[in-house]
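Reader: Please examine one part of this model closely, namely a pair of packed helices and a residue at their contact. A connected account would be welcome.

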Amino acid sequence: MASINQQPAGRPDSGLSFIPVAWLIIVMGLSAYGLISNWRLIGDFNLPQSVFFLIYGGLAGGVVTILWGLYLLGLAFNRSARFPRHYTIWQVAIILWLVVRQAYTLLVPDFVFSAEALSFTAAEIAIGLLCIYLLRHGAGAESVYANAETERPPLLVSLVAALLGIILGGAIGACTGFFAGSLIADATHMSCFEGACGFFAAFIGLAGLIVGAIAGGIFAIWRVNRRKPARTA
């Protein structure tokens, strides 16, 4: 007798419930970029102490965002019924962090007010609130994220797979990007004055590292949590 996956009756999903997943991936990408960009500032002791607090807080927040995000991606790929609630908790935490970070930069005199940064933060908060609204109860997300997860792998397995995917994907992406950057520099006869061609190849390699790490983590989570076909008795 074939098992039937019964989905809860209610308002049909319009497809907008997948927007939070896309935004989750974007936020993880921004966090990865922030980690790579700010990592070199750790050893710069010429910076004010208030700046150090922001840098270390950003690094810690980026790591938590990525690891937590990978867990949420596992829930999303598995169409877990727990995804809307867990995503909402994650998004609320992200919004609170954005508010605290923005308030810190506005109140501490070592930072200069930036309308662009404030607008970017406001846009992030607005998109986050929109995602929470799209996953609210009764919006139709229940028809998409309805898997009871009876055969879902343990959380530790997902995290280990995600870390391995990030490391392997980042290494492959960095090597591929650096090689592609070198080829582009040679093909375009880019000047190597003061190491310009080398910096270009390194920049492409850095971009490849970011893309590869994110893609590797996502693929690993998908691979571990992919849905299995229904069993037949």
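Author: The account below turns from the helix pair to one residue within it.

The model is predicted, so local features need pLDDT of at least 70 and side-chain atom pairs count only at pLDDT 80 or more, while totals for chains, interfaces and linings use all residues. Residues are numbered from 1 along each chain as its sequence is written, and side-chain values use heavy atoms, with hydrogens and water left out.

Helices here are DSSP runs (H or I, at least four residues), numbered from the N terminus. H1 packs against helix H2 (residues 49-77) at an angle of about 150°, their axes lying 9 Å apart; axes are lines fitted to C-alpha atoms over the stretch in contact, and angles run from 0 to 180 degrees between N-to-C directions. This makes H1 roughly antiparallel to H2, a term for angles over 145 degrees.

Contact means heavy atoms within 4.5 Å. Among the residues of H1 that meet H2 are Leu24, Met28 and Leu35, and the H2 side includes Leu59, Ile66 and Leu73. By class, this contact of H1 with H2 has 15 nonpolar, five polar and no charged residues; Ala, Val, Leu, Ile, Met, Phe, Trp, Tyr, Cys and Pro count as nonpolar, Asp, Glu, Lys and Arg as charged, and the others, Gly among them, as polar.

Methionine 28 belongs to helix H1. Methionine 28 counts as buried because its relative accessibility is 4%, where buried means under 20% relative accessible area (1.4 Å probe, protein chains only). Leaving aside residues up to four places away in sequence, methionine 28 touches Thr65, Ile66, Gly69, Leu70, Leu73 and Ile214. Methionine 28 and isoleucine 66 are 38 residues apart in sequence, yet 5.3 Å apart in space, C-alpha to C-alpha.

Definitions and conventions: Helices (H or I, at least four residues) and strands (E, at least two) are DSSP runs, numbered from the N terminus. Angles under 35 degrees count as roughly parallel, over 145 as roughly antiparallel, 65 to 115 as roughly perpendicular and the rest as oblique. Buried means under 20% relative accessible area, exposed over 50%, partly exposed in between (1.4 Å probe, protein chains only).
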